[in-house]
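Student: I have a new protein model to look at, and I would like to learn how to read it. Could we go through it together?

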Amino acid sequence: MELARIGEIPGDGVNRPCLSPGDRTARRMLIAWANEIGAEISIDVAANLFVRRAGTDPDAAPVLTGSHMDSQPEGGRFDGIYGVIAGLEALAALHDAGIVTRRAIEVVAWTNEEGGRYAPGCMGSMSWSGYAPPTTWDDVRDADGIRYADALAEHLRLEADLPRRPLGGVPHAYLEAHIEQGPLLEAAGLDIGVVTGIQGSRWFSVTLSGASAHAGTAPVGMRRDAVQDMLRAVSALNELMHDPADILRFTVARIDVTPNTSNSVAGRVRFTIDCRHPDGAVLRAKGDAIRATVEAAVKTCDVLVEEHFDAAPVAFHPLVVETVAAAALADGASAMGLPSGAFHDAQFVVPLAPTGMVFVPSRDGISHNPAEYSSPEQLAAGTRVLVRSLVALAG
Ligand code: GLV
Ligand code: MN
Ligand code: MN
């Protein structure tokens with residue numbers, strides 16, 4: 001709740017963009033709490049922040065846990081930050097109980113998971129895992145025109161007092177705690193989600209270039225109106241993406257219109273596409289069909305389709321899935337297996353180490369919304385399962 005005051009917005013929400021002053025304030029709060037238990041702090045070139053509690057065997061690969069501290073622009077108090085705080089609470093509980101593990105346990109706060117200020121999301125974990133070089137997104141700009149590379153450099157300059165660590169590593173295992181962000185656990189009346197995997201996501205932008213013109217004088221038949229072509233394109237995409245089983249998720253949610261005045265025909269529109277499916281082949285086919293579908297639908301505009309994010313569906317590792325299920329059982333928590341509809345940094349750790357996630361219920365399944373809520377009891381139950389799992393994995 002203290003962290004939720006950093007960037008608070010009406011309706012109990014949070015706006016804490018990545019690499020913003022609020023992000024830094026939140027990280028400093030985390031660091032202060034980590035210092036109370038003598039944990040080691042370090043940061044890498046992608047600004048991923050690590051809090052480490054040493055184990056007895058310095059040669060053993062650490063167990064990694066964590067999530068993200070940035071939020072959506074109209075986000076809630078729990079998405080991401082819960083997994084970081086739960087990880088820190090795990091370290092503090094072990095510290096208080098005098099429990100020493102063989103492997104170190106590290107809590108990570110990944111940079112820019114949300115992709116709200118800088119698209120796409122998961123830049124920190126994609127860099128760390130080697131999925132893409134950290135310079136990949138240097139020229140991405142936020143709404144104020146600030147380049148990602150410049151925001152990152154400024155952030156690293158302001159955090160220059162923190163010890164640097166090399167980018168990457170191979171943990172023994174990775175376990176991320178998160179709110180479910182969907183309705184399944186609440187509907188089932190259960191405490192814990194043992195996450196089995198994450199569906200795939202692809203992000204695109206479509207830019208339609210026509211010609212700006214005077215709204216009072218340009219005959220409609222002579223226009224190259226980008227808004228009208230956007231409507232045609234989105235209609236055609238709705239047909240392409242229609243799924244009678246309602247498994248495919250298709251979202252157009254950001255629309256930038258130029259010049260964006262009432263009395264000028266729109267000369268340019270750029271809109272985003274977020275497309276998700278658990279079956280990698282379906283996601284590939286649908287995403288690959290976007291360009292041709294838009295080109296066939298528009299009447300007058302030039303079309304540019306760009307892909308910005310491609311996260312394949314993943315299945316989590318039995319080692320972690322079974323550890324979480326056993327921890328829930330041992331803690332007396334009711335649990336079920338379920339897949340994640342949201343993407344997470346965990347998706348990019350999968351190729352490197354046994355990975356899994358633990359979910360707690362979300363009230364009414366609401367997320368990416370200020371009304372996002374999980375009760376203190378639900379959050380604590382998830383944290384206890386996290387601690388038990390980490391201890392089992394870390395020996
Ligand atoms: C993560 O924020 C997602 O959009 O799934
Ligand atoms: Mn999240
Ligand atoms: Mn999110």
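What follows is a set of questions and answers about this predicted model.

Student: Which residues coordinate the manganese ion (ligand 2)?
Tutor: Let's start with the metal. Its donor atoms lie at 2.0 to 2.2 Å, and along the chain the donors follow the spacing H-x10-D-x98-H. The atoms involved are an NE2, an OD and another NE2, and they belong to H68, D79 and H178.

Student: How many residues apart in sequence are D79 and H178?
Tutor: D79 sits in the loop between strand 5 and helix 2, while H178 is in strand 7 (residues 173-179). The pair links distant parts of the chain, with a separation of 99 residues.

Student: Is H178 buried or exposed?
Tutor: A residue counts as buried when its relative accessible area is under 20%. H178 has a relative accessible area of 1%, so H178 is buried.

Student: Which protein residues are donors to the manganese ion (ligand 3)?
Tutor: Here the donors lie 2.1 to 2.4 Å from the ion. Their spacing in sequence is D-x34-E-x253-H. One residue appears twice in the list of donors, through OE each time, and that is E114. Together with E114, the donor residues are D79 and H368.

Student: Which residue bridges the manganese ion (ligand 3) and the manganese ion (ligand 2)?
Tutor: Look for a name that turns up in both sets of donors. For ligand 2 the set includes D79, and for ligand 3 it includes D79 as well. The two ions lie 3.6 Å apart, and the bridging residue is D79.

Student: How far apart in sequence are D79 and H368?
Tutor: D79 is in the loop between strand 5 (63-68) and helix 2 (81-97). H368 belongs to the loop between strand 18 (355-360) and helix 11 (376-394). This pair also links distant parts of the chain, and its members are 289 residues apart.

Student: Is D79 buried or exposed, and what about H368?
Tutor: Use the cut-offs again: under 20% is buried, over 50% is exposed, and in between is partly exposed. D79 has 7% relative accessibility, so D79 counts as buried. H368 has a relative accessible area of 42%, so H368 is partly exposed.

Student: Which residues are around ligand 1?
Tutor: The shell divides into two nonpolar residues, one polar and three charged. Two names here are familiar from the metal donors, namely E114 and H368. The full list is E113, E114, R276, A342, F343 and H368.

Student: What is the distance from an oxygen atom of ligand 1 to a side-chain N or O atom of R276?
Tutor: Several side chains have a polar atom by ligand 1. A polar side-chain atom of E114 is 2.9 Å from an oxygen atom of the ligand, and for H368 the distance is 3.2 Å. For R276, the distance is 2.7 Å.

Student: How much of the accessible area of ligand 1 does the protein cover?
Tutor: Begin with the ligand on its own, which has 200 Å² of accessible area. The part of this area covered by the protein is 93%.

Student: How many disulfides are there?
Tutor: Two cysteine sulfur atoms must lie within 2.5 Å to form a disulfide. Take C275: the nearest cysteine sulfur is that of C122, 16 Å away, and C275 is in no disulfide. C275 is buried, because its relative accessibility is 0%. The disulfide count comes to zero.

Student: Which side chain makes a polar contact with that of S205?
Tutor: First find S205, which lies in strand 9 (residues 200-209). S205 has 0% relative accessibility, so S205 counts as buried. The contact spans 2.7 Å, and the partner of S205 is H308.

Student: Which residue is joined to P120 by a cis peptide bond?
Tutor: P120 is in the loop between strand 6 (105-110) and helix 3 (123-129). Another cis bond runs from T258 to P259, with omega near 5 degrees. For the bond to P120, omega is about 5 degrees, and the partner is A119.

Student: What is the phi of Q181?
Tutor: Q181 is in the loop between strand 7 and helix 5 (184-188). Q181 is not a glycine, yet its phi is positive, at about 70 degrees.

Definitions and conventions:
Residues numbered from 1 in each chain as written. Chains lettered and ligands numbered in written order. Predicted model: local features only at pLDDT ≥ 70, side-chain atom pairs only at ≥ 80, totals over all residues. Heavy atoms only, no water. Donors = N, O, S within 2.8 Å, 3.2 Å for Na, K, Ca; no water. Helix = DSSP H or I, 4+ residues; strand = E, 2+ residues; numbered from the N terminus. Buried < 20%, exposed > 50% of the residue type's maximum accessible area, 1.4 Å probe, protein only. Near = heavy atom within 4 Å. Polar contact = N/O pair within 3.5 Å; in protein donor to acceptor, adjacent residues only side chain to side chain. Areas by Shrake-Rupley, 256 points an atom, 1.4 Å probe, with all protein chains shown as cover. Nonpolar A, V, L, I, M, F, W, Y, C, P; charged D, E, K, R; others polar.
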